[in-house]
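Student: I am new to this structure and should like to understand the terms used to describe it. May I ask how each term is justified?

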Amino acid sequence: MKTANKSRQLLGYWGCDSRQKLEALLAKSILHSFREIPIQKIADSNAVGENYPIWNVASTEVDRPQNQQTNKGDITVQIAALSASGLCTYPSNNGLLLPDAWANIRENCLILGREPFGRVTLYWTQIGQTIWFASRLQLLLNIREQPEASIPGLYGYSCFSYVPTPLTPVQNVFAVTAGMELTWECDRDASMILPPKSQRLLEWQESSEKIQNETEAIDQLQNLLKDAIGRQIADINSNETVGVFLSGGLDSSVVAALLVKAGVKVRAYTLDFGEAGISEYPWAEQVASALQIPLVKVDAKPQRIKQVVNAAVKALDLPFGDGVTVPLYLLNQAASQETAIVFNGEGGDQLFAGWTNKPLIAASVYQAANPTDNNNFALQYLRTFHRLWGCETKVYQPEFYAQIQNLHPQDWLLEALNPASGASLLHRLRRASLMLKGAQNIHPRAANLALDCGLKVRSPFCDFALADWTFQLSGELCLRGACEKYILKRAVENWLPAEIVWREKRGMGVPLTSWCFNEFWHQIGDWLNPAVLLSEKRWQPDLADRIISGKFAAGIQGRRIGEILWLLIMWQIWRSQILGEEVKHKSWNHPFWLPRSIWSYRQRWAK
């Protein structure tokens, strides 16, 4: 049995304030946040007295490559770096492979950057004339006095189920957007930090070269997939067993098959949701049997979910409202007892125009008639998130609602949907999916969960050579009729059972609505207590009652009931577990203290 290492993280400062005060605050935060985690402190040995700017970093993992030299002759020193996979995979312009997130200094400049897939988060805040930066939001909460929830951050979360970057859910704390570098310069004469300048490192965009020939595309894709897996197993010895999270869907099954074909020892992990919902286990079992690898069924029934939800929220660091997050935490927990490296199939939908693109094609009808109206196309895209956008008057208390009147969530989508990125609608949607649902939701939550459990997580579909190649594909090779990810299926159809390759995509069937009406029934009254919501002055106090009674909105029925309730629940747990807002004055003025059978009888009688 393997004992998981502690979470990998970093915290540092760079600026012009008192070294004594900065060091005292750093030491205090280390004591509070890192606790028993071994740390490596890197001090600027050349900075003495008030020779600004000064800097320091505390990190649990420091892998500093050689200094880099720019075309202008400037020397850039990497003072902190973190990679979810334990590998440096992002190819920079000067030929070096970079980690997932980094902090560099160059003369009197600080540079914070993230690779474009967005696997490792990086945050910053300015206090006085000092920039503090950290890989986890919680580390900066210890730096700021009395952190408060961000109104735009909460509103964005309610629209997307994640907080859109560069926002965070905390006032005056910001995220470095995936695929961006932020550079601060110090005015040494005035001992002031100038506002940051941003630079996009990579543009996902349609290639001018098009691959039309299916046979040629299949051959190229098979080689690219094998090369991608080869790069991610280069440091794995022949006796080491790695884990793979196996849902029985196409993407995770492809990753498992590639690992087996490469001669790696593999142990697969899949989720067991119990009797409710659509079980993925039979499909995962079929894949594991075909590949002759052991399969571990991980208990993700509602009782286990309730036991670990608080710990999962702390591991996630950010509020993520998708129902899959806590089950994924259980997968990471289980794998961390037996292996140090896990693989997943995340990113396949974004690269190959997966099933989530189907409803987006409908928006093209409007776009074709109004090609210059990108704002309205963004509104069409916004609707596909199926969250609480458009329900603001029903969701928020009047005081909070008044504060979001000038916020327009479509503005957070416009760069990702930039029509200049290519003429093909499908490639524009793929770009948007990579930049939004991938880099701001799927990949950071996967990395946060794995890092918290001491795991290295590797996503073979997050491969830059592979991603660049997909933007050369003709639309027909991605989406052929009703068949999504067509070229990927053709490339791997001889590696896996046909039933796995060609079955209809359903998504992970977390039975949230069933759990909310049954095992979570009484807990909802605690998580979304009306008196607590009223005192917080954000959500309307009877929100849970109206949602579960079917009186909230016509479009929120069936599976949407559980999804929306879970979105609200995860925010409420985050604001108490992470932000530290006190929960008090709970009331019994809600239906969830009743047995559900009595509530159902009252509902029928009321009709």
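Student: At what angle do helix α4 and helix α5 pack, and how far apart are their axes?

Tutor: The model is a predicted one. In it, α4 (residues 214–232) and α5 (residues 250–261) pack at an angle of about 70 degrees, and their axes are 10 Å apart.

Student: Why are α4 and α5 called roughly perpendicular?

Tutor: Angles of 65 to 115 degrees count as roughly perpendicular. The angle here is about 70 degrees, and therefore α4 and α5 are roughly perpendicular to each other.

Student: Which residues of α4 and α5 meet?

Tutor: Leu225, Lys226 and Ile229 belong to α4, and they meet Leu258, Leu259 and Lys261 of α5. By class, this contact has four nonpolar, no polar and two charged residues.

Student: What makes Leu259 notable within the largest nonpolar core?

Tutor: That core has 196 residues, and Leu259 is listed with Phe343, Trp539 and Trp566 as having the most contacts inside it. Helix α24 (residues 559–577) gives the most to this core, with eleven residues. Leaving aside neighbours within four places in sequence, Leu259 is in contact with Ile229, Ile233, Val242, Val244, Val264, Val266 and Phe343. In soluble globular proteins, nonpolar side chains tend to be buried together.

Student: How do you know that α7 and α8 are roughly perpendicular?

Tutor: Helix α7 (residues 302–316) and helix α8 (residues 325–336) pack at an angle of about 90 degrees, with axes 9 Å apart. The value falls in the range of 65 to 115 degrees, so α7 is roughly perpendicular to α8. The residues in this contact divide into eleven nonpolar, two polar and one charged. Among those that meet are Ile305 and Val308 in α7, and Tyr329 and Leu330 in α8.

Student: Is Phe352 buried or exposed, and how do you know?

Tutor: A residue is buried when its relative accessible area is under 20%. Phe352 has a value of 0%, and so Phe352 is buried. Its place is in the loop between α9 (348–351) and α10 (358–361).

Student: What lies around Phe352?

Tutor: Beyond neighbours within four places in sequence, its contacts include Leu221, Arg430, Phe461, Trp469 and Cys478. Phe352 and Cys478 are 126 residues apart in sequence, yet their C-alpha atoms are 5.8 Å apart in space.

Student: Why is Gln292 called exposed, whereas Lys537 is called partly exposed?

Tutor: Exposed means over 50% relative accessible area, buried means under 20%, and partly exposed is what lies in between. Gln292 stands at 72% and so counts as exposed. Lys537 stands at 47% and therefore counts as partly exposed.

Student: What is unusual about the phi angles of Gln292 and Lys537?

Tutor: Most residues other than glycine have a negative phi. Gln292 is not a glycine, but its phi is positive, at about 60 degrees. Lys537, also not a glycine, has a positive phi of about 65 degrees. Gln292 lies in the loop between α6 (281–291) and β18 (295–299), and Lys537 in the loop between α22 (530–536) and α23 (543–548).

Student: Which form, cis or trans, does the peptide bond from Thr165 to Pro166 take?

Tutor: The bond is cis, with omega near 10 degrees. Most peptide bonds are trans. Pro166 has its place in the loop between α3 (151–160) and β12 (174–175).

Methods. Residues are numbered from 1 along each chain as its sequence is written. This is a predicted model: local features need pLDDT of at least 70, side-chain atom pairs count only at pLDDT 80 or more; totals for chains, interfaces and linings use all residues. Side-chain values use heavy atoms; hydrogens and water are left out. Axes are lines fitted to C-alpha atoms, for helices over the stretch in contact, and angles run from 0 to 180 degrees between N-to-C directions. Helices (H or I, at least four residues) and strands (E, at least two) are DSSP runs, numbered from the N terminus. Angles under 35 degrees count as roughly parallel, over 145 as roughly antiparallel, 65 to 115 as roughly perpendicular and the rest as oblique. Contact means heavy atoms within 4.5 Å. Ala, Val, Leu, Ile, Met, Phe, Trp, Tyr, Cys and Pro count as nonpolar, Asp, Glu, Lys and Arg as charged, and the others, Gly among them, as polar. A nonpolar core is a set of buried Ala, Val, Leu, Ile, Met, Phe, Trp, Tyr and Cys residues joined through side-chain atoms within 4.5 Å. Buried means under 20% relative accessible area, exposed over 50%, partly exposed in between (1.4 Å probe, protein chains only).
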